Amino acid sequence: MRVLLAQLMFCVFVAGCGGGSSNGESETAVDSDQPPVVSGSWYQPALFATWQWQLSGPVNSSYEVDIYDIDLFDSSESLIQQLQLSSTKVICYFSAGSYEAWRSDASSFSEAELGNTLDGWADERWLDIRSENVRAIMKRRLDLAVEKGCDGVEADNVDGYSNNSGFNLSASDQLDFNRMLANEAHTRGLSVGLKNDLDQVDELVDYFDFAINEQCFEYSECDVLSAFVERGKAVLNAEYRQEYIDDEIVRNTLCNESLNLQFSTLILPLDLDDEFRFGCL
């Protein structure tokens with residue numbers, strides 16, 4: 001989920017940037033210049049791809065769209081196969097940067113790897129993305145996506161460095177982690193989307209196949225995502241503002257702007273539970 005930027009945590013002291021987290025947990029060596037994996041074959045969503053995003057409640061499989069984005073853990077292989085029967089691609093969601101106590105692999109994390117709670121999401125805690133164990137868990141989640149037959153993945157909460165995570169995460173730490181996720185997805189034949197993290201779009205666009213963004217129209221941030229469009233990569237956008245829901249004129253204006261930018265925009269409930277859905281395509 002999108003979280004409000006609370007505190008920009010760029011490192012300013014050489015010793016402080018690489019000298020360990022606030023709780024003494026060891027870190028990985030940062031290699032933020034790792035090149036993108038380009039060999040292989042995986043799904044690449046096209047501009048103006050239609051999509052449905054539902055992460056809670058029984059999935060409504062009746063929409064005729066190009067892409068379904070659904071929860072990796074909560075979705076069965078049979079549901080994924082059912083959706084794919086109509087040539088729909090399935091993107092599987094998991095949180096790569098936050099701890100969720102209800103997940104089946106939650107016990108794999110150590111307490112030292114758990115940071116502050118996310119702003120607006122009190123049941124989630126930021127992860128120390130420098131930890132080798134955290135990275136190993138995320139690779140296993142990618143393996144699970146392959147096992148379930150997902151066409152791609154949405155890795156959420158990949159902007160901890162720009163939030164009050166409780167760790168001394170740098171921009172380079174985040175680039176390294178996000179590039180690792182993208183490369184590991186591609187080595188498994190999975191498409192991968194960049195979730196939010198707008199400040200690093202230019203450094204990450206060549207690693208990711210599409211973008212998933214929340215509220216770029218509401219916060220006047222959409223221009224940043226033009227880097228994806230320029231490369232023919234889909235931008236899947238979701239807006240939650242009440243005015244878009246209640247006022248058809250405002251909603252139509254939003255959709256016209258979205259079409260001009262070549263985005264695929266939905267107006268959805270914040271809980272992503274299919275209570276309602278307005279699409280611009």
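Two strands count as paired here if DSSP finds at least two bridges between them. With that in hand, the bridge partner of Glu154 in strand β8 is Gly193. The chain gets from β7 to β8 by way of helix α4 (residues 171-187), and this β-α-β crossover is right-handed. The model is a predicted one, and what follows starts with its overall make-up before coming back to β7 and its surroundings.

Overall, the protein has 8 helices and 12 strands. Its 281 residues include 53% that are buried. Looking at contacts between residues at least 6 apart in sequence, 66% join residues at least 24 apart. The exposed area comes to about 11,900 Å², with carbon and sulfur atoms supplying 48% of it.

Nine of the strands make up an open sheet, in the order β1-β2-β3-β7-β8-β9-β10-β11-β12, and the pairing is mixed. At the edges sit β1 (51-53) and β12 (278-279), each of which pairs on one side only. In general, strands of a sheet pair through backbone hydrogen bonds, either parallel or antiparallel. Here, β2 and β3 go the parallel way, with 5 bridges between them, and Ile67 stands opposite Lys89 of β3.

Next to β3 in the strand order comes β7. Strand β3 (residues 89-95) runs parallel to β7, and 5 bridges join the two; Tyr93 stands opposite Glu154 of β7. On to β8 (residues 191-195), then: this strand is also parallel to β7, and the pair is joined by 4 bridges. Glu154 thus turns up twice in the pairing, opposite Tyr93 and as the bridge partner of Gly193.

How buried is β7 itself? Of its 5 residues (152-156), 5 are buried, so the strand is largely enclosed by the rest of the structure. The cover extends to both faces: Gly152, Glu154 and Asp156 are buried on one side, and Val153 and Ala155 are buried on the other.

Helix α4, the connection between β7 and β8, contains Asp176. Is this residue buried or exposed? The cut-off for buried is under 20% relative accessible area, and Asp176 has a relative accessibility of 3%, so it counts as buried. Its side chain makes a polar contact with the side chain of Gln34, at 2.8 Å.

Helix α2 (residues 77-84) offers another look at burial. Leu79, Ile80 and Leu83 are buried in this helix. Viewed down the axis of α2, the buried residues fall within an arc of 100 degrees, and they therefore line one face of the helix. What lies over them? The cover includes β2 (67-71), β3 and α3 (132-148).

Leu83 gives a more detailed picture of that face. This residue of α2 has a relative accessible area of 3% and is buried. Setting aside neighbours within four places in sequence, Leu83 is in contact with Ser61, Tyr68, Ile70, Thr88 and Val90. Among these, Tyr68 and Ile70 fall in the residue range given for β2, while Val90 falls in that of β3. As for Val65, this residue is 18 residues away from Leu83 in sequence, and the C-alpha atoms of the two are 9.8 Å apart in space.

Definitions and conventions:
Residues numbered from 1 in each chain as written. Predicted model: local features only at pLDDT ≥ 70, side-chain atom pairs only at ≥ 80, totals over all residues. Heavy atoms only, no water. Buried < 20%, exposed > 50% of the residue type's maximum accessible area, 1.4 Å probe, protein only. Contact = heavy atoms within 4.5 Å. Areas by Shrake-Rupley, 256 points an atom, 1.4 Å probe, with all protein chains shown as cover. Right-handed = clockwise from strand over helix to strand, strands pointing away. Polar contact = N/O pair within 3.5 Å; in protein donor to acceptor, adjacent residues only side chain to side chain. Arc of directions from axis to C-beta.
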